[in-house]
Amino acid sequence: MRPASSAEAGVPGGDGRTSTVRVSLLVLYTPRLEDCRRFYADLGLAFTAERHGRGPEHYAAVLPDGLVLELYPARDDRLTGALRLGLGLAVDAEVTSPPLAPGRHRLVDPDGRTVEITAVGRTGCGSAQG
């Protein structure tokens with residue numbers, strides 16, 4: 001098998017076609033639902049409580065690029081293990097908790113997941129709120 005060229009990288013079949021792929025949904029299962037909601041809300045994510053049919057109540061936040069981050073209560077058959085999450089935030093030190101200056105920050109959520117924050121001033125990128 002030959003290595004894919006840059007034009008072929010990530011394209012099934014390597015036939016030169018291009019496609020755009022983006023993450024549209026990320027679900028975190030947590031035994032600490034309210035603690036995680038508060039942690040991510042303190043970073044500026046705006047969560048809405050949801051329930052679909054007979055499913056569990058959970059929280060969803062829509063980020064500016066359309067990605068939906070959902071927090072679901074964990075069950076024995078649904079756990080989110082080790083995960084490293086990166087977020088780009090337009091920060092206002094008076095709004096985020098903990099207060100974040102522009103730059104890179106490494107935080108840990110209530111479940112022990114590493115959350116890498118790239119914080120820029122308000123004029124640098126869109127807000128994390130949806």
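Here are a few short exercises on a predicted model, each with a worked solution.

**Exercise 1. Work out how far to trust the model, and where to be careful.**

Start with the overall score: the mean pLDDT of the protein is 83. Next, check the spread, and you'll find that 79% of the residues reach 70 or more. Now for the weak spots. Residues 1-9 have a pLDDT below 50, and beyond near neighbours in sequence this stretch has 3 contacts in the model. Residues 124-130 also come in below 50, with 19 contacts beyond near neighbours in sequence.

**Exercise 2. Place Glu 116 in the fold and decide: is Glu 116 buried or exposed?**

First, find the element: Glu 116 sits in strand S7, which covers residues 114-121. Then look at accessibility. The cut-off for buried is under 20% relative accessible area. Glu 116 comes out at 15%, so it counts as buried. Finally, list the company it keeps, skipping residues up to four places away in sequence: Glu 116 touches Arg 84, Leu 85, Gly 86, Leu 87, Arg 104, His 105 and Arg 106.

**Exercise 3. Track down the salt bridge between Glu 116 and Arg 84, and say which strands the pair links.**

Step one is the distance: the two side chains meet at 2.4 Å, N to O. Step two is the location. Glu 116 is in strand S7 and Arg 84 is in strand S5 (residues 84-91), so this pair links distant parts of the chain, 32 residues apart. Step three is the surroundings: Arg 84 has 53% relative accessibility and counts as exposed, while Glu 116 is buried.

**Exercise 4. Do the same for Arg 106 and Glu 116.**

The side chains of Arg 106 and Glu 116 form a salt bridge at 2.8 Å, N to O. Arg 106 belongs to strand S6 (residues 103-108) and Glu 116 to strand S7, so the pair ties together parts 10 residues apart in sequence. On accessibility, Arg 106 reaches 58% and is therefore exposed. The pair also shows up as a side-chain polar contact, at 2.8 Å.

**Exercise 5. Zoom out: how many salt bridges does the structure hold, and which residues join into a network?**

The count is 8. For the network, look for bridges that share partners: Arg 32, Asp 109, Asp 111 and Arg 113 are joined that way. Another bridge to look up is Arg 75 with Asp 77, at 3.0 Å, N to O. There, Arg 75 is partly exposed at 40%, and Asp 77 is exposed at 57%.

Note on methods: Residues numbered from 1 in each chain as written. Predicted model: local features only at pLDDT ≥ 70, side-chain atom pairs only at ≥ 80, totals over all residues. Heavy atoms only, no water. Helix = DSSP H or I, 4+ residues; strand = E, 2+ residues; numbered from the N terminus. Buried < 20%, exposed > 50% of the residue type's maximum accessible area, 1.4 Å probe, protein only. Polar contact = N/O pair within 3.5 Å; in protein donor to acceptor, adjacent residues only side chain to side chain. pLDDT = per-residue confidence, 0-100. Contact = heavy atoms within 4.5 Å. Salt bridge = Lys/Arg side-chain N within 4 Å of Asp/Glu carboxyl O.
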